[in-house]
Amino acid sequence: MYAYIVRRVVYAFFILIGVNLITFALFFKVNTPDDIARMQLGVKYVTPEAIAKWKAERGYDKPLLYNAAASGGQKFTDTIYFEKSVEMFRFNFGLSDDGRDIAYEIRTRMWPSLALALPVFLVGLALQITFALMMAFFRATYVDFWGVVLCVVMMSVSGLFYIIGGQYLISKLWNLVPISGYASGFDALKFLLLPIAVGVIGGVGSGARWYRTIFLEEAGKDYVRTARAKGLSETAVFFRHVLRNAMIPILTGAVVVIPLLFMGSLVSESFFGIPGLGSYTIEAIQSQDFAVVRSMVFIGSLLYIVGLLLTDISYTLVDPRVRFE
Amino acid sequence: MPILPVVLWTDALVYLLLAVVAGFAWYVRGQEHLRAPWRRVAQAPAAMSALVVLALFVLVGLLDSVHFRPALPAAAGAQSREPAYAVEVESVLDVLLSSLAKRPERTYSAPLATHAYAKETIELPGKDGAPARQVRDYPRLKYGGAQLHDPQREWKADVLLTTFRGAALALPLWLLASLALVAACNPAERVASRAFWHALWRGETELPWRAVLITLVLVLLLALPAALLSAHYHVLGTDKVGLDVLYQSLKSVRTALVIGTLTTLVMLPFSILLGIMAGYLRGPVDDLIQYFYTTLNSIPAVLLIAAAVLVLQVQIETHPDMFPTSAQRADFRLLWLCIILGVTSWTGLCRLLRGEALKLRELDYVQAAQAFGVSQWRIMLRHILPNVMHIVLISVVMDFSGLVLAEAVLSYVGVGVDPSMISFGTMINAARLEMGREPMVWWSLASAFCFMLALVLSANLFADAVRDAFDPQVRVGARKLRLRRIEA
């Protein structure tokens, strides 16, 4: 089992290098620093001197991959690739294009993101499973039918409308919680309630419908028939056998997103004015701050790969067959 | 009037898609084993109702995909024989809706309003030589309800009467359309029999005619009154620059359809080729392809799209000479968005195909083909590909609605379609900023909501039916379920 995990870790590291190369190509090869500088400084009326100065201030004035002018190991380290991309593996993200420390921003901003994303994930998962279980328990009845209809309608509504509707109804019409904003400590609760509720409701449709199919698939298996044949009540069959076994694919499937919770949600954070990583990213995209976007791509991929690893590990924990392979 | 046809990039791909669908339909017609699952789709009432709605959306989208540049009226004294063409690219839909598009108000107005939404200072001509007075009041709209002399008294009656006229027109039209539709799809003797119409009334026909016809009458009852009303009013109001919201909603349909369909079309060859190769050839090819898609997959989709669109923006701004008209620039950006959305979403299909090809390559008929010395490419093309096509089809229709929804979010983030292109995302984005106004400007949001819900919901319902009909696993599950219900 440890050999398996070590193998997966090594594989994950190679994937991270691949991501690093892709982002490097996208940000520096397709789009040279000259282009970025020209755009940042305004497309027309840019002098070559201004571009050179902009690049020098941000360390973009070096060769991309190989610095022939430098000596020794510096031939490879004194380059854009090394300074901007390899350094990311040491979590050294440098400065954003407006001169702030990206690593510091990330460290302070990931907690509000987590405060929003973690409850949405946990409550949402619980609600989806409950709803799916109800539909599967009353399968092939009107409860099931209308439940599925509700799910399909709910997943057909754009997430933006849940946010806009929630803000309008709860905050503007009923004045229950502030429309947007954030505070530190326990004061944050009143700002977080609405985004959490909206996030949970927005995800119920597709989640519950997906889990319902998993429950139904599990309920159609032979051991369930055996359990019924033994004379167990339908409730016992469902809650003792089907629920437990169906939780394996559900939970192992959910593990992959746990690390990504740190990244927060782009749309919801910017709508509700929560100073998390999601709104940081969106601001960077809108102000075309390539340094920040590059760092967020790296972190996002890293967290996803960690999620994949956790998935692999959780499989080995719940399914002994993987362990012996 | 002479026109200059313009084929935008996405137009060309839409035509190609149309040709592919037509060719596929033609091919399916002759193959009983392919017809059978489609027949099951056709027997699902929800799917067929959804299809009616989808067909209307597709019609709107296709009309909006035929572009041209109208000729400008020759300037007086101009000597050149070459006609000059407008810079603006128009579509057939624009021409059909010219009464909507070409009647801009100054700014916001509520649905069916006769007066503007906000008070303004109006200059009243003085009576009997008295000096002009200035009053703060709601000004009359330039076009909305302009035919009414005294809107306060006449408005209600006029709107009701027009709605009623529309509904009255809808019913005979519906009867004609239903008769034509039913007669076209059924043999004459069946249509002539009473039993058939009885069955139709009770909803017991083999094809769910009742559901289709009910959907049709509902759509007509909505569309015709709206069409009649829009001759004199802005049925769904106007937006900030006074553009009709109904027009915007209809124009958004094409953008949504293009993103929903072309995205998968663009990447389909890659995911099919790579997926089958990985599953069938296995070994180092498999490792390489798996590594490739896992790497692409680990970059968060929104960020990859954002990065790619930022890159594109830089390219567009540094090479302005590549795009002569703004429509072409917007269209290029739309195409690029489709491609990059495809890059982020093709991996799911690729993985599914790899898994299926892994299973298929162990089956007897593939082993037999190998033993006969059939070449590997030929086996993949003739024996593997046809047997994974159902997966491709399911994933194409299932992806559609998600992509339409994704467009709205991406436009909000600022990496969606060109801001000058009308889409649901840009509509929502513009309307969102007006949430704080008092009274609230709700109509743009409500229209985008309704149109999107109609499109995505019908797409979801149709996709579900397609999946149920084509996916053998689901079918077995459904049969088990049905058996159990009978036993119970």
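Start by selecting chain B and colouring it by secondary structure: 18 helices and 5 strands should appear. Keep in mind as you look around that this is a predicted model, with an ipTM of 0.86 and a pTM of 0.88.

Stay with chain B and show its C-alpha atoms. Along the principal axes they fill a box of roughly 105 × 70 × 55 Å. Of the 488 residues in this chain, 37% are buried. If you draw contacts between residues at least 6 apart in sequence, 73% of them join residues at least 24 apart.

Next, colour chain B by pLDDT. The average is 84, and 93% of the residues score at least 70. Which elements mark the two ends of the scale? Select helix H3 (residues 45-63) of chain B for the highest mean pLDDT, 93, then helix H18 (residues 472-487) of chain B for the lowest, 49.

While you are there, select residues 476-488 of chain B, where the pLDDT is below 50. Beyond near neighbours in sequence, this stretch makes 8 contacts in the model. Where pLDDT is low, the predicted coordinates should not be read in detail.

Now bring chain A into view and go to the place where the two chains touch. Chain A brings 45 residues to the contact and chain B brings 39. On the chain A side, several helices supply at least two residues each, among them H1 (2-29), H7 (142-155) and H9 (188-219). For your last selection, pick H14(A), which gives the most to this side, with 8 residues. Colour the chain A side by class and you will find 30 nonpolar, 11 polar and 4 charged residues.

Notes. Residues are numbered from 1 along each chain as its sequence is written. Chains are lettered from A and ligands numbered from 1 in the order in which they are written. This is a predicted model: local features need pLDDT of at least 70, side-chain atom pairs count only at pLDDT 80 or more; totals for chains, interfaces and linings use all residues. Two residues are in contact if their C-beta atoms, placed from the backbone, lie within 7 Å. Helices (H or I, at least four residues) and strands (E, at least two) are DSSP runs, numbered from the N terminus. Ala, Val, Leu, Ile, Met, Phe, Trp, Tyr, Cys and Pro count as nonpolar, Asp, Glu, Lys and Arg as charged, and the others, Gly among them, as polar. pLDDT is the predictor's confidence in each residue, from 0 to 100. A residue is buried if 20 or more other C-beta atoms lie within 10 Å of its own, exposed if 12 or fewer, and partly exposed in between; C-beta atoms are placed from the backbone.
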